[in-house]
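The following exercises concern strand pairing, helix packing and the contact between two chains. Each task is followed by a solution in steps.

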Amino acid sequence: MQWETVIGLEVHVQLATQSKIFSGASTAFGAEPNTQACAIDLGLPGVLPVLNEGAVAMAVQFGLAINAEIPETSLFERKNYFYPDLPKGYQTSQMAQPIVGKGEVEIVLDDEVRKRIRIHHAHLEEDAGKSLHEDFHGMSGIDLNRAGTPLLEIVSEPDMRSAKEAVAYIRAIHAIVTYLGISDGNMAEGSMRCDVNVSVRPKGQETLGTRAEIKNVNSFRFVERAIEFEVERQIELIEDGGKVVQETRLYDPDQDETRSMRTKEEANDYRYFPCPDLLPVMLDSAYIEHQRATLPELPTEKRHRFETSLGLSAYDAGVLSSTRPMAEYFEAVLAVCGDAKQAANWVQGELSGHLNRENIDISNSPVTPEQLGGLVSRVLDDTINGKAAKQVFAALWNNEGQSADEIIDTRGLKQVTDTGAIEAMIDQVIADSPVQVAQYRDADPEKRGKMIGYFVGQVMKASRGTANPQQVNGLLKQKLDEA
Amino acid sequence: MAIEHADVLRAAHLARLGLNSDAEAAGYVDDLTRILEMVDRLQAVDTNGIAPLSHPLDTTQRLRPDEVTETNQRDAFQACAPETAEGLYLVPRVVE
């Protein structure tokens, strides 16, 4: 039987506010346990939450970025459950009236195929604390620093049909939130966490199969692998006459498998009700328009502009707009050198090669975009040839000079375009290579094209790489073919 | 809507309330049944065209600027905790 996979995702994005969603405690990562958990975060008697305007602004910006409706009124509710890292006994969240309504996100697949994924809604909520289960003689240790950190939970429709689409979707969400600057998007530190809903159904069937929810998958790669494992598990189960049960599963990256956590019916009774401590949040159109005015150019728009007004290929436009630091770097190089195609080649080629090899993020690149732009300019105006350009790049990378111009000067890399000088070098090479010259002249003219490479190499070597290769080629041909 | 013994046990479990005896549970069956009767009477009122009320106060949520205003008071908060270690609150072990 042919099976179809159906995937929906809940992505929790930690918002980059300074303080918590309902209190003035810091959200900084990595503090000593419980030093950033105040009376409100601890749910001590008599405290009242007050909503953080920064979190509201970020949620609204996200909503605008996905063309979602922003309702005038939204409400906070209590989601009730008991767990030691949830001191109040409920999580303040939103359900009936979330801050962001229906929207959509465009994803781009490997073959440049585009697909729209509908967003059901996005809502604000608070994070819980952390439980540590080791080392406390049969006790669990609780750190509540994270309790009350603002999260935006983005809930998609079940619109994805493969693990690849799910990954493309998460990458798109990651790009949007980091472009907006509303989250650092750091999956390793838990700033983005995904719950993946997976089901399978016979191809052509309308109704959805029973889904399993895989909790807390925390990297792009694990999302893909968790889904692939889960799909296979469900298909095998059904084909062996079994039934998928609705349950929460956990992905174990070490074993590369998902495991059942608990069946859902019981745990799912969260008894939501409106939080009496928080009044309805009203956002007027002036506020929403004010937020709209702060939006930067978004990844999809940037990608489109790179293709249409800069004339880059779809692939180049996709790579260069994939993250905001990458796009900003590229645009800064372009601003200096003025040639989009060359700027794109250098950023994706030499620069990305070096960055990947040494595992450095582009925002920490030892070569600044101004330096790279200066280098590309010297290639464009023929001051240096491609070979010398690579030397200049290496020197900039190793901090052996302030600018391309300085390195070109001190190392004498300026391209030799003086015909007389090049001819002198050619004459010398011809005089030094009687055997090769004889072979060349005896050869079939069709084979000479290949044989000339030897002489070009010798002349370039004699010029220490600075001769203009096109000129060398042309002059060599003339001189060798003369006799 | 009638409430049954099993409903009371389930509600008690969700709220982590300990019931000491069947008699105690039976008492709740009676109390909750009467409360639900009152709710039924409220439900009977025609509310068509009336927006749901989420909060009795006719006002909206005030927002605070995104600033850190709290300082570390861990020692004070942990003074009343039954057990702590290395800055953590200790609780009976929980493992999913």
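**Exercise 1.** In this predicted model, determine which residue of β7(A) stands opposite I107(A), and describe the hairpin to which the pair belongs.

*Solution.* Begin with the strands: β6 (residues 103-108) and β7 (residues 114-126) of chain A pair in the antiparallel sense, over 6 bridges. Next, locate the partner: I107(A) faces K115(A) in β7(A). Finally, examine the connection. The hairpin of β6(A) and β7(A) has 5 residues between the strands, and E112(A) in this hairpin takes a positive phi near 65 degrees.

**Exercise 2.** Establish the strand order of the open sheet of 3 strands in chain A, and explain which strands stand at its edges.

*Solution.* The order is β5-β4-β15, with antiparallel pairing. β5 (90-93) and β15 (273-274) of chain A each have a single partner strand, so one side of each is left without a neighbour in the sheet. For the pairing of β4 (residues 77-80) with β5(A), count the bridges: there are 4, in the antiparallel sense. Within this pair of strands, R78(A) stands opposite T92(A).

**Exercise 3.** Classify the packing of α14(A) against α16(A) by crossing angle, and identify the residues that make the contact.

*Solution.* First, take the geometry: the axes of α14 (residues 419-432) and α16 (residues 445-462) of chain A come within 9 Å and cross at roughly 125 degrees. Second, classify the angle. Angles of 65 to 115 degrees count as roughly perpendicular and those over 145 as roughly antiparallel, so α14(A) is oblique to α16(A). The crossing of the two helices is right-handed. Third, list the residues: α14(A) contributes M425(A), I426(A), Q428(A) and V429(A), while α16(A) contributes F455(A), Q458(A), V459(A) and A462(A). By class, this contact of α14(A) with α16(A) has 6 nonpolar, 2 polar and no charged residues.

**Exercise 4.** Describe the side of chain B that touches chain A, and find which element gives the most residues to it.

*Solution.* Start from the totals: 33 residues of chain B are in contact with 41 residues of chain A. β1 (63-64), α3 (74-78) and β3 (88-92) of chain B each supply at least two residues of this side of chain B. The greatest contribution comes from β3(B), with 5 residues. Sorting the residues of this side by class gives 14 nonpolar, 8 polar and 11 charged. Lastly, consider strand pairing between the chains: β9 (residues 139-143) of chain A pairs with β3(B) in the antiparallel sense over 4 bridges, and S140(A) stands opposite V91(B).

Key: Residues are numbered from 1 along each chain as its sequence is written. Chains are lettered from A and ligands numbered from 1 in the order in which they are written. This is a predicted model: local features need pLDDT of at least 70, side-chain atom pairs count only at pLDDT 80 or more; totals for chains, interfaces and linings use all residues. Two residues are in contact if their C-beta atoms, placed from the backbone, lie within 7 Å. Ala, Val, Leu, Ile, Met, Phe, Trp, Tyr, Cys and Pro count as nonpolar, Asp, Glu, Lys and Arg as charged, and the others, Gly among them, as polar. Two strands pair if DSSP finds at least two bridges between them. Axes are lines fitted to C-alpha atoms, for helices over the stretch in contact, and angles run from 0 to 180 degrees between N-to-C directions. Angles under 35 degrees count as roughly parallel, over 145 as roughly antiparallel, 65 to 115 as roughly perpendicular and the rest as oblique. A crossing is left-handed if the near helix is turned anticlockwise from the far one by less than a right angle, and right-handed if clockwise.
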